[in-house]
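Visitor: I would like to learn how to read a few features of a structure. Please give the general idea and then the case at hand.

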Amino acid sequence: MTVSLPSGEDVYSILAPADVSAFEDLFELYRSSMPAAERKSRASLHASLGRNDYRVVLLRRAGRLIGYSISFVPENDNFCLLEYMAVREGFRGGGIGAELFRHSVDTARAGRRDVAVLLEVDSWREAAPDRAMRVRRQAFYQRLGCLRVEGLDYLLPLETGRTPPVMDLMILPPADGRAIRRAELERWLRTVYVAVYDQSPSDPRIARMVDTVDDPLKLTGSIPR
């Protein structure tokens, strides 16, 4: 499936499992755009392409891959996880990322107004060398309608041999405007832990995360200026 943008140069497509060349392009950009502590292995990434609950969106300009997104979209559920998204260096800052985000969300939601979009993002609350970049990234998602789950320290269960950063969970609320309850968030996180990261459904980190949030969830746009 391809969709041409008004510029006539940019084309979106869904990565097909059998498209070896497109996967090589994706993996090259994936490696260069994602920190090692947050990257899956090549084999794990490739395995997700053949699953019905994953959508991999590629964005090409004049035939060159300039952006991508990878979303976990569980069947018959009311949430999805925008797991990875990046725009190639040199193409950032011109609105391409925002358009890629909107297209990826529309692809994952498939017209459903009850679907919330989860995002795992590095937290600006950690005194890290790249803190300014983290602030800008969360501000970018906030401009697109995403809000941070207040009171939640997101525990990334990805096993890479490296310590993951302190993380936040952001949510693009469902378009139907309903409040999100704590029990619903717990179910979503359990699904992510099991289906995305191959963890136990009784992983104690899930309870640690949800025990600290309000019911219904309090979503905030508070970001330092």
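## Salt bridges, pockets and cysteines

Guide: Start with one contact: Arg 125 and Asp 153 form a salt bridge through their side chains, at 2.9 Å from N to O. The model is a predicted one.

Visitor: Which parts does the pair of Arg 125 and Asp 153 tie together?

Guide: Arg 125 sits in the loop between β6 and α4, while Asp 153 sits in the loop between β7 (147-149) and β8 (167-172), so the contact ties together parts 28 residues apart in sequence.

Visitor: Are Arg 125 and Asp 153 buried or exposed?

Guide: The class rests on relative accessible area: under 20% is buried, over 50% is exposed, and partly exposed is in between. Arg 125 is partly exposed because its relative accessibility is 37%, and Asp 153 is partly exposed at 42%.

Visitor: Which residue meets Glu 150 in a salt bridge?

Guide: Lys 218 does, with an N to O distance of 3.4 Å between the side chains. Glu 150 belongs to the loop between β7 and β8 and Lys 218 to the loop between α6 (204-210) and β9 (219-220), so this pair ties together parts 68 residues apart in sequence. Glu 150 has 30% relative accessibility and counts as partly exposed; Lys 218, at 44%, is partly exposed.

Visitor: What is the distance between the closest N and O atoms of Asp 176 and Arg 178?

Guide: They are 3.6 Å apart, and the two residues form a salt bridge. Asp 176 is partly exposed at 37% relative accessibility, and Arg 178 is partly exposed at 25%. In addition, Glu 9, Asp 10 and Arg 61 are joined into one network by salt bridges that share partners.

Visitor: How many salt bridges does the count come to?

Guide: The count is 20 salt bridges.

Visitor: Now the pockets. How is empty space found, and what is the volume of the largest pocket?

Guide: A probe the size of a water molecule, rolled over the atoms, shows where empty space is left. Here the largest pocket has a volume of about 960 Å³. Its lining has 32 residues, and those closest to the centre are Met 85, Ala 86, Arg 137, Phe 140 and Tyr 141. Two or more lining residues come from each of β5 (79-87), α3 (96-109), β6 (116-122) and α4 (131-143).

Visitor: Which element gives the most to the lining of the largest pocket?

Guide: α4 does, with 7 residues. By class, the lining of the largest pocket holds 19 nonpolar, 5 polar and 8 charged residues.

Visitor: How much space lies in the second largest pocket?

Guide: About 160 Å³. This pocket is lined by 14 residues, with Val 73, Pro 74, Ala 108, Ala 110 and Arg 112 closest to its centre. β5 and α3 are the elements that give two or more residues to this lining, and the largest share, 3 residues, is from α3. The lining of the second largest pocket divides into 7 nonpolar, 2 polar and 5 charged residues.

Visitor: Last, the cysteines. How many disulfides does the structure hold?

Guide: A disulfide is a covalent bond between the sulfur atoms of two cysteines. The structure holds 0 disulfides.

Visitor: Why is Cys 80 without a bond to Cys 146?

Guide: Cys 146 has the cysteine sulfur closest to that of Cys 80, but the distance is 10 Å, too far for a bond. Cys 80 is buried, with 2% relative accessible area, and Cys 146 is buried at 1% relative accessibility.

Definitions and conventions
Residues are numbered from 1 along each chain as its sequence is written. This is a predicted model: local features need pLDDT of at least 70, side-chain atom pairs count only at pLDDT 80 or more; totals for chains, interfaces and linings use all residues. Side-chain values use heavy atoms; hydrogens and water are left out. On a 1 Å grid over the protein atoms alone, a cavity is a set of points where a 1.4 Å probe fits but cannot get out, and a pocket is an open set with protein on both sides within 12 Å along at least five of seven lines; lining residues have an atom within 4 Å of a point. Grid points are joined across faces, edges and corners, and a volume is the space filled by probe spheres set on the points. Helices (H or I, at least four residues) and strands (E, at least two) are DSSP runs, numbered from the N terminus. Ala, Val, Leu, Ile, Met, Phe, Trp, Tyr, Cys and Pro count as nonpolar, Asp, Glu, Lys and Arg as charged, and the others, Gly among them, as polar. A salt bridge is a side-chain nitrogen of Lys or Arg within 4 Å of a carboxyl oxygen of Asp or Glu. Buried means under 20% relative accessible area, exposed over 50%, partly exposed in between (1.4 Å probe, protein chains only). A disulfide is a pair of cysteine sulfur atoms within 2.5 Å.
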